[in-house]
Amino acid sequence: MTSKATYHHGDLRQALIAGAIALINQQDVSSLSLRGLARHIGVSHAAPYRHFSDKEALLAVVAEEGFLGLTQALTTAIEQKSQPLQRLEASGVAYIKYAIAHAAHYRVMFGTYKSDCTQYSSLEQASQEAFMVLENVIIEGQSQGVIKSGEPRQLAWVAWSLVHGLAMLLIDNQLPLVKTEDIEPISSFVTRTLIEGLTNKSSSK
């Protein structure tokens, strides 16, 4: 355990965030407390309050960090593809892989105990930017005539609901997939199935 004397001011904040993520990976988020977190990283019970007014404020930062990472993962995956339908599949696979690789972040981002985005402007912006990556792919596909017409946001909700559901099932080990190498194939299959439903059938592209 790291001695509290070794933390500089900025290091303490990052140590608290990292410690919270580690504890969330070990236990339910509802069990997390600032007092327990302080004990976990070896600082005084009062130390966390130098950076976070309460547990919700800490979770808001963890969630924001998660959304920023998700946006980067989606953007990176999309940039490697040139066609809208390919981009849509790539974004779905990247979403699921990110959620599994960052399960603690993901539980905070979308759990029932998540912070109210409207109370934290940077968190709200980060969550909206992540969703806009998907929505923009839908819009691009519609502009090229390869994705069916309709309200882009509603179609993006459909796409998000599917990948979110699969991600949660995999994180909670509710599917008979025990090998890491199984994740990408099932993610690709599910997103391709989604794309079949969103494809403009009259398009020859």
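How do the residues of the lining of the second largest pocket divide into nonpolar, polar and charged? In this predicted model, the lining comprises four nonpolar, three polar and three charged residues. The overall fold is described before the pocket and the salt bridges are taken up in turn.

The chain contains eight helices and zero strands, and its pattern along the sequence is accordingly written α-α-α-α-α-α-α-α. Of its 205 residues, 43% count as buried. The accessible surface of the chain amounts to about 10,800 Å², and carbon and sulfur atoms account for 52% of that area. When contacts between residues at least 6 apart in sequence are considered, 70% of them join residues at least 24 apart.

The second largest pocket encloses about 170 Å³ of space. Helix H3 (55-79) and helix H4 (84-101) are the elements that give two or more residues to its lining. Helix H4 gives the most, with four residues. The lining residues are Ala-73, Thr-76, Ala-77, Gln-80, Lys-81, Gln-86, Glu-89, Ala-90, Val-93 and Glu-184. Among the charged members of this set are Lys-81 and Glu-89, and Glu-184 also takes part in a salt bridge, as set out below.

Side chains of opposite charge can pair when their charged atoms come close. A search of the whole structure finds five salt bridges, and three of these are described here. In one of them, Glu-184 pairs with Lys-97, with 3.2 Å between the closest N and O atoms. Glu-184 belongs to helix H8 (residues 183-198) and Lys-97 to helix H4, so that this pair links distant parts of the chain, 87 residues apart. Glu-184 has a relative accessible area of 40% and is therefore partly exposed. Lys-97 likewise counts as partly exposed, at 40% relative accessibility. Glu-184 thus joins two parts of this account, being a lining residue of the second largest pocket and a partner of Lys-97.

Helix H4 is also involved in a salt bridge between the side chains of Arg-87 and Glu-140, for which the N to O distance is 3.8 Å. Because Arg-87 lies in helix H4 and Glu-140 in helix H6 (residues 121-143), the pair ties together parts that are 53 residues apart in sequence. The relative accessibility of Glu-140 is 22%, so this residue counts as partly exposed; the limit below which a residue is called buried is 20%.

A further salt bridge is formed by the side chains of Arg-107 and Asp-172, at 2.8 Å from N to O. Arg-107 is located in helix H5 (residues 103-110), whereas Asp-172 is located in the loop between helix H7 (152-171) and H8, so the pair ties together parts that are 65 residues apart in sequence. Both partners fall in the partly exposed class, Arg-107 at 25% relative accessibility and Asp-172 at 33%.

A separation between C-alpha atoms was also computed for Asp-28 and Ala-104. These residues are 76 residues apart along the chain, and their C-alpha atoms are separated by 9.5 Å. Asp-28 is situated in the loop between helix H1 (9-26) and helix H2 (34-41). With a relative accessible area of 43%, Asp-28 is partly exposed.

How values were computed
Residues are numbered from 1 along each chain as its sequence is written. This is a predicted model: local features need pLDDT of at least 70, side-chain atom pairs count only at pLDDT 80 or more; totals for chains, interfaces and linings use all residues. Side-chain values use heavy atoms; hydrogens and water are left out. On a 1 Å grid over the protein atoms alone, a cavity is a set of points where a 1.4 Å probe fits but cannot get out, and a pocket is an open set with protein on both sides within 12 Å along at least five of seven lines; lining residues have an atom within 4 Å of a point. Grid points are joined across faces, edges and corners, and a volume is the space filled by probe spheres set on the points. Buried means under 20% relative accessible area, exposed over 50%, partly exposed in between (1.4 Å probe, protein chains only). Contact means heavy atoms within 4.5 Å. Accessible areas come from the Shrake-Rupley method with a 1.4 Å probe; for residues, only the protein chains shown count as cover. A salt bridge is a side-chain nitrogen of Lys or Arg within 4 Å of a carboxyl oxygen of Asp or Glu.
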